[in-house]
Each structure stands twice: as C-alpha cells, then as structure tokens.
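Trainee: I've got this model open and I'd like to zoom in on a single part of it. Could you take me through one spot on the inside and what sits around it?

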Amino acid sequence: MPAEDLHGRAVGVDRLQPGDHAFFAYSDDETRWEILTVFTQQGFARDEKVGLLVDVGHSPGWVAERVAGGAAAARRALHEGRLVVSNAPRFARGEFDAARLVEGARRIIESL
C-alpha cells in the first residue's frame, strides 16, 4: 500500500526519503510483513537507520528477525543501532490516546 505525500499522491514504500514518516494500514498480515520488510531492507541498502513501532501482538525480537532477514541479520542490525523495534502502547477498547502513541514514536526516533 503506497503512502501519500503532502499533496495526496501515492508514494511507494521504496521511495520514502530520509526524514519521511509513514503510517501503514494493512489488508492482511502477509502484506504487512512484505511492506515492512521492503521498508527495512531499503533503509539498510541506503545505510539508514530504521525504526518500527509495531502492535503488541508481536515481540520486537521476532519482528526484527522477520524484517531484517533472519536472526543473525537482526542481531547485527540491532547491535549496530541500524534497527530499533518497539511495541506501540496497548489501549483498552474506547481509550485510544494519540498523545501516548506519538510519545512512543518520538522515543523511537530519538533512539535512532
């Protein structure tokens, strides 16, 4: 699913630039991992740091292995600080707090 730029045009995940931020919604789980893997691998290929804020249904270690290309690649990327994966805060039904979500994203960005 392409992101949109400031003018509402679709931008492929492989065309995101340093400093861009993206929020993705996925039609299914396999699509999620395909997009996040492309996003991560493109970042690595361009010698960028990658930060992912994912739902609490997946551990950061498991996500890192999935998007980095296996356990060894994940360990290396995490150790070198090229990849940061954190869980988004969990909200009770009807108690979504945008400020808490943004704070979690801010912490990831600051750690990169």
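**A close look at one threonine**

Mentor: Let's go to Thr-40, which you'll find in helix H1. Keep in mind that this is a predicted model. Thr-40 has 0% relative accessibility, so it counts as buried, the cut-off being under 20%. Buried residues make up 26% of the 112 residues in the protein chain.

Now for the company it keeps. Setting aside neighbours within four places in sequence, Thr-40 is in contact with Val-50, Leu-52, Val-67 and Leu-83. Some of those names come back when you look at the largest nonpolar core, which has 15 residues. Among the residues with the most contacts inside that core are Leu-52, Val-67 and Leu-83, along with Phe-44 and Val-85. Two or more core residues come from each of helix H1 (29-45), strand E3 (50-54), helix H2 (60-68), helix H3 (71-79) and strand E4 (83-87). H2 is the top contributor, giving four residues.

Val-85 is worth a click too. Again leaving out neighbours within four places in sequence, Val-85 is in contact with Leu-52, Val-54, Pro-60, Val-63 and Ala-64. So that you can place these pieces, the chain has four helices and four strands, and from the N terminus they run β-β-α-β-α-α-β-α. Zooming right out, 57% of the chain's contacts with a separation of 6 or more join residues 24 or more positions apart.

Technical notes:
Residues numbered from 1 in each chain as written. Predicted model: local features only at pLDDT ≥ 70, side-chain atom pairs only at ≥ 80, totals over all residues. Heavy atoms only, no water. Buried < 20%, exposed > 50% of the residue type's maximum accessible area, 1.4 Å probe, protein only. Contact = heavy atoms within 4.5 Å. Core = buried A, V, L, I, M, F, W, Y, C linked by side-chain atoms within 4.5 Å.
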